[in-house]
Amino acid sequence: MADIKKVAYVFPGQGAQTVGMGKDLYDSFDSVKTLFKQADDAVGFPLSKIFFEGPEEELRKTSNAQPALVAVSIACLRAAQEVGGKNLPQSSFMAGHSLGEYTALAAANVLDFSTTVFLAKERGRLMYEAGLKKPGSMMAIIGLDETILAEICRDTNTVIANINSPGQLVISGATENIAIAGKWPKAKVRHARCRYSQRCFPLPLMQPAMDGMTQILAKVTFKDPIVPIIANVTAQPLTSGNQIREELLKQLCSSVQWQRSVEFMVGQGVGKFIEIGPGKVLAGLIKRISRESEMVNIGDANAVKGLAGS
């Protein structure tokens, strides 16, 4: 008999948000209406109106985008669980890209939904405020080896922020240092390309956000997850609430080890990844990391309804 492949649920990070997301779920499921009302109450303003109607500039604000993505991603999961039944396979692992790690906490019953949405809002607020104090930039580097990029970062006082997939890395730092670093890759590798990111949360400048989250998270109780969550910082499983509290603080100032997280899960027998939430960014990254892995996206009402007949 063929081996049964394990399944992992993965959740997108900031940048996946779009105006109008979640509206079809709201119109289709009473349970989602309840969730979005809870999200509005958790943040203290009509968050759902912002991600339903925009404007885009308002949704793009970190303190809105981060809780909005958590709310819509969890709505996708809850609706899928409601409709899918046995057609939605149980997960052996969960993981989220940066902000998506918060969504994984709600999905794994570490935190309740309202607390998770509130923490995402506070995380976004603190990151924005830290960015105002010390402006910086991020840049995607395409086609450059990690070892070579680490050398460039040492020479330009920048850091590798995201290790997303083979050949796709992101660096961060002070704006002037990023500009210098951007001139290096072509000298190192002829076909390397640089692309500035619109979302600028440089790791070396996020210490004030980490200090603020330390105070907030000290008041929060974390349960042990129902399935292991793969940590952004270490690419290793988190199995206790105490580990998770420490992880959420470290991730603000540490590289997102997404490639290694996926490689760990594949090494543990995961052959199917279900991306739950808006967009298909993680699907693209995972396919570059593990071509043999099966990908499923559940990001809107049509995808959820499709589970009923699968």
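**Figure 1. What covers the buried residues of helix α11.** In this predicted model, the cover over the buried residues of α11 includes α6, α7 (113-133) and α12 (241-250). Helix α11 itself spans residues 207-217, and its buried residues are A209, M210, G212, M213, I216 and L217. Because these residues cover an arc of only 165° around the axis, they lie on the same side of α11.

**Figure 2. Close-up of N177 in helix α9.** The residue N177 belongs to helix α9, which is made up of residues 175-181. With a relative accessible area of 16%, N177 is counted as buried, because buried means under 20%. When its neighbours within four places in sequence are left aside, N177 is in contact with T156, N157 and T158.

**Figure 3. Close-up of S48 in helix α3.** Helix α3 is where S48 is found, and this helix runs over residues 47-53. The relative accessible area of S48 is 10%, so this serine is buried. If residues up to four places away in sequence are not counted, S48 touches F36 and D40.

**Figure 4. The cis peptide bond between G54 and P55.** Most peptide bonds are trans. The bond that leads from G54 to P55, however, is cis, and its omega is near 5°. As for its place in the chain, P55 sits in the loop that lies between α3 (47-53) and α4 (56-60).

**Figure 5. S98, a residue with positive phi.** Most residues other than glycine have a negative phi. In S98, which is not a glycine, phi is nevertheless positive, with a value near 55°. This serine is found in the loop between β2 (93-96) and α6 (100-107). Is S98 buried, partly exposed or exposed? Its relative accessibility is 23%, and S98 therefore counts as partly exposed, since that class lies between the limit for buried, under 20%, and the limit for exposed, over 50%.

**Figure 6. A235, a buried loop residue with positive phi****.** Phi of A235 is near 60°, which is again a positive value in a residue other than glycine. The loop that holds A235 is the one between β7 (229-230) and β8 (237-238). Although A235 is placed in a loop, its relative accessibility is 4%, so A235 counts as buried.

Terms used:
Residues numbered from 1 in each chain as written. Predicted model: local features only at pLDDT ≥ 70, side-chain atom pairs only at ≥ 80, totals over all residues. Heavy atoms only, no water. Helix = DSSP H or I, 4+ residues; strand = E, 2+ residues; numbered from the N terminus. Buried < 20%, exposed > 50% of the residue type's maximum accessible area, 1.4 Å probe, protein only. Contact = heavy atoms within 4.5 Å. Arc of directions from axis to C-beta.
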